Amino acid sequence: EISECLVGSEMCIRDRFRIAATPVACNYALPCSLFKVNHKYPSYSFSLNSVPSTEVIHRVGHGQADMGFIVGATDNPEFVCNLAFSDKICLVASEDYRCPDSITLSELKKFTLVMLNEQFSSYRLLHQYLKQAGHPLDTLRVMYHLDSTESVKSTVLAGHGAAFLPYITVKKEVYQKQIKIISVMDFDLNYDCLLYTSPSPRDTR
């Protein structure tokens, strides 16, 4: 659990944490985990900022954040990366969107797709995966690129297309039967989020 990751981190020698995290971790994974940590350790306080992975690395490296959550490993030997959580990237559509329950990657060309923009790690992971699988994004019907997960979800909920998103971002809507997952038989892409810290925490008090 992310909460265990936080508590087990060397950063817990402090009572105040500055956390920089990618949008998915910041908006969907961390709030609940931080609530659990704060409930167990009420003297802790947190500031949480949503920024791209490159900015997370910069902030931790320059002492502007005490810990970070990034997607994709970094080869900087001065810092420590540990897996915080792993999620699946799924093809999703509104519950009443007319489409098969299961498709192949080749059949993606029949779909109207809504994408996040290239600033998002999940988009870059998907772009690389599909290119290596022989189905580059420029061969698909991408209606447009949007700048937030919530705007993609709103477009999907309105029935305007399908989208690839980390499962954690649509978990609630799937449970409420507003969004469904379309199985892609030859598609398997993980969204791995890493806890990024300095091995020697700086005392900023």
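**Figure 1. Overall content of the predicted model.** Buried residues, meaning those under 20% relative accessible area (exposed being over 50% and partly exposed in between, with a 1.4 Å probe and protein chains only), make up 46% of the 205 residues in the protein. This is a predicted model, in which local features need pLDDT of at least 70 and side-chain atom pairs count only at pLDDT 80 or more, while totals for chains, interfaces and linings use all residues. Residues are numbered from 1 along each chain as its sequence is written, and side-chain values use heavy atoms, with hydrogens and water left out. The protein has six helices and ten strands, where helices (H or I, at least four residues) and strands (E, at least two) are DSSP runs numbered from the N terminus. Of the contacts (heavy atoms within 4.5 Å) with a separation of 6 or more, 79% are between residues 24 or more positions apart. The accessible surface, from the Shrake-Rupley method with a 1.4 Å probe, comes to about 10600 Å², and 49% of it belongs to carbon and sulfur atoms.

**Figure 2. The nonpolar cores and Leu108****.** A nonpolar core is a set of buried Ala, Val, Leu, Ile, Met, Phe, Trp, Tyr and Cys residues joined through side-chain atoms within 4.5 Å. The largest one has 53 residues, and Phe69, Leu91, Leu108 and Phe187 are those with the most contacts inside it. Apart from this core lies another, of nine residues, including Val51, Ala65, Ile70 and Phe79. Leu108 touches Leu91, Ile103, Leu113, Leu130, Leu140 and Phe164, when residues up to four places away in sequence are not counted. In soluble globular proteins, nonpolar side chains tend to be buried together.

**Figure 3. Leu113 in strand β6 and Tyr144 in strand β7****.** Leu113 has a relative accessible area of 0% and is therefore buried. Its C-alpha atom is separated by 4.9 Å from that of Ala162, although the two residues are 49 residues apart along the chain. Leaving aside neighbours within four places in sequence, Leu113 is in contact with Leu91, Leu108, Leu140, Arg141, Val142, Met143, Tyr144 and Ala162. Tyr144, which lies in β7 (residues 141-146), counts as partly exposed because its relative accessibility is 31%. Tyr144 and Met115 are 29 residues apart in sequence and 6.4 Å apart in space, C-alpha to C-alpha, and the residues that Tyr144 touches, not counting those up to four places away in sequence, are Leu113, Val114, Met115 and Thr155.

**Figure 4. The buried side of helix α5****.** Within α5 (residues 149-157), the buried residues are Thr149, Val152, Lys153, Thr155 and Val156. They cover an arc of only 160 degrees around the axis, so they lie on the same side of α5; the arc is that of the directions from the helix axis to the C-beta atoms. Gly159, which follows α5, has a positive phi, near 80 degrees.

**Figure 5. The two faces of helix α6****.** In α6 (residues 167-175), Thr169, Val170 and Glu173 are the buried residues. Seen down the helix axis, these residues fall within an arc of 55 degrees, so they line one face of α6. The face turned away from this buried side carries the exposed residues Lys171, Lys172 and Tyr175. The buried residues of α6 pack against α2, β4 (80-94), α5, β8 (163-166) and β9 (179-184). Just after α6, Lys177 takes a positive phi of about 60 degrees.

**Figure 6. The second largest pocket and the second largest cavity****.** On a 1 Å grid over the protein atoms alone, a cavity is a set of points where a 1.4 Å probe fits but cannot get out, whereas a pocket is an open set with protein on both sides within 12 Å along at least five of seven lines, and lining residues have an atom within 4 Å of a point. Grid points are joined across faces, edges and corners, and a volume is the space filled by probe spheres set on the points. The second largest pocket holds about 250 Å³ of space; of the 19 residues that line this pocket, Pro23, Ser50, Phe120, Asp147 and Ser148 are the closest to its centre. Two or more lining residues each come from α2 (23-40), α4 (121-132) and α5, and the largest share, four residues, comes from α2. A search of the whole structure finds three cavities of 30 Å³ or more. The second largest cavity, with a volume of about 50 Å³, is lined by Ile89, Met115, Leu116, Ser122, Tyr123, Leu126 and Phe164. Here α4 gives the most to the lining, with three residues.
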